[in-house]
Amino acid sequence: MTPDAPGAPQSGIGARLRSARERVGLTLAQASEKLHVDPKSVVALEAEDFDIFGAPVFTRGHIRRYSELVGEKSDELVALYNETARAVLPDPPRPPNIDPLADLRR
């Protein structure tokens, strides 16, 4: 059975959240109201468009709150996000562009 087939197990974060929301009978608007977020944030979570939340710490928080609202296992979904999220590392600091011979030329 393909993952997109009706009745197929839902394994992605967004699919699990959407399925759980529908199972408890919440609309997108109701979920966003209960979470105190814009509806586009709920849509982004269900579409796994996590870039709109910025840093991964914010994404994990949204996943945790949404999953708790709809009765999903938040620890599992956050762990799944951690496995699939690419590590965002800051650029290493670069030394200032200084001419080492500048003092000798004066």
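**Exercise 1. Classify Pro39 by its accessibility and place it in the chain.**

Solution. Pro39 has a relative accessible area of 40%. Burial requires a value under 20% and exposure a value over 50%, so Pro39 is partly exposed. The residue belongs to helix α3. Its C-alpha atom is separated by 6.5 Å from that of Leu28, although the two residues lie 11 apart along the chain. The model in which these values were computed is a predicted one.

**Exercise 2. State what the secondary structure of the chain comes to, and how its contacts and burial are distributed.**

Solution. Step one is the count: the chain has six helices and zero strands. Step two is the order, which along the sequence reads α-α-α-α-α-α. Step three concerns burial: of the 106 residues in the chain, 28% are buried. Step four concerns contacts between residues at least 6 apart in sequence: 52% of these join residues at least 24 apart.

**Exercise 3. Describe the packing of α2 and α3 by angle, axis distance and contact residues.**

Solution. Two packed helices are described by the angle between their axes and the distance between the axes. For α2 and α3 the angle is about 110° and the axes are 8 Å apart. Angles of 65 to 115 degrees count as roughly perpendicular, and therefore α2 is roughly perpendicular to α3. On the α2 side, the contact is made by Leu28, Ala31, Ser32 and Leu35. On the α3 side, Pro39, Val42, Val43 and Glu46 take part. Sorted by class, this contact has six nonpolar residues, one polar and one charged. Leu28 and Pro39, whose C-alpha atoms are separated by 6.5 Å, thus appear on opposite sides of this contact, Leu28 from α2 and Pro39 from α3.

**Exercise 4. Carry out the corresponding description for α3 and α4.**

Solution. Helix α3 spans residues 39-47 and helix α4 spans residues 56-70. They pack at an angle of about 95°, with their axes 11 Å apart. This angle makes α3 roughly perpendicular to α4. Val42, Leu45 and Glu46 contribute from α3, while His62, Ile63 and Tyr66 contribute from α4. The class division is four nonpolar, one polar and one charged. Val42 and Glu46 contact α4 here, and both also belong to the contact of α3 with α2.

**Exercise 5. Determine which sides of α2 and α5 are buried and what covers them.**

Solution. Begin with α2. Its buried residues are Ala31, Ser32 and Leu35. They cover an arc of only 95° around the axis, and so they lie on the same side of α2. The face turned away from that side carries the exposed residues Glu33 and Lys34. The buried residues of α2 pack against α1, α3 and α4.

Continue with α5, where Ser74, Leu77, Val78 and Tyr81 are buried. Because these residues fall within an arc of 100° when seen down the axis, they line one face of α5. The exposed residues Asp75 and Glu83 are carried by the face turned away from the buried side. The cover over the buried residues of α5 includes α1 and α4.

**Exercise 6. Identify the residues of the largest nonpolar core that touch the most other members, and trace the contacts of Ile63.**

Solution. In soluble globular proteins, nonpolar side chains tend to be buried together. The largest nonpolar core here has 18 residues. Those touching the most other members are Ile13, Leu17, Leu45, Phe50, Ile63 and Tyr66. At least two residues of this core come from each of α1 (13-24), α2 (28-35), α3, α4 and α5 (74-84). Now take Ile63 and leave aside its neighbours within four places in sequence. Ile63 is then in contact with Ile13, Leu45, Phe50, Leu77, Val78 and Tyr81. Leu77, Val78 and Tyr81 are among the buried residues of α5.

**Exercise 7. Locate His36 and Glu48, and give the phi and accessibility of each.**

Solution. His36 lies in the loop between α2 and α3, just after α2. Its phi is near 60°, a positive value in a residue other than glycine. With a relative accessible area of 71%, His36 is exposed. Glu48 lies in the loop between α3 and α4. Its phi is near 60°, again positive in a residue other than glycine. At 38% relative accessibility, Glu48 counts as partly exposed.

Technical notes:
Residues numbered from 1 in each chain as written. Predicted model: local features only at pLDDT ≥ 70, side-chain atom pairs only at ≥ 80, totals over all residues. Heavy atoms only, no water. Axes fitted to C-alpha atoms, helices over the stretch in contact; angles between N-to-C directions. Helix = DSSP H or I, 4+ residues; strand = E, 2+ residues; numbered from the N terminus. Parallel < 35°, antiparallel > 145°, perpendicular 65-115°, else oblique. Contact = heavy atoms within 4.5 Å. Nonpolar A, V, L, I, M, F, W, Y, C, P; charged D, E, K, R; others polar. Core = buried A, V, L, I, M, F, W, Y, C linked by side-chain atoms within 4.5 Å. Buried < 20%, exposed > 50% of the residue type's maximum accessible area, 1.4 Å probe, protein only. Arc of directions from axis to C-beta.
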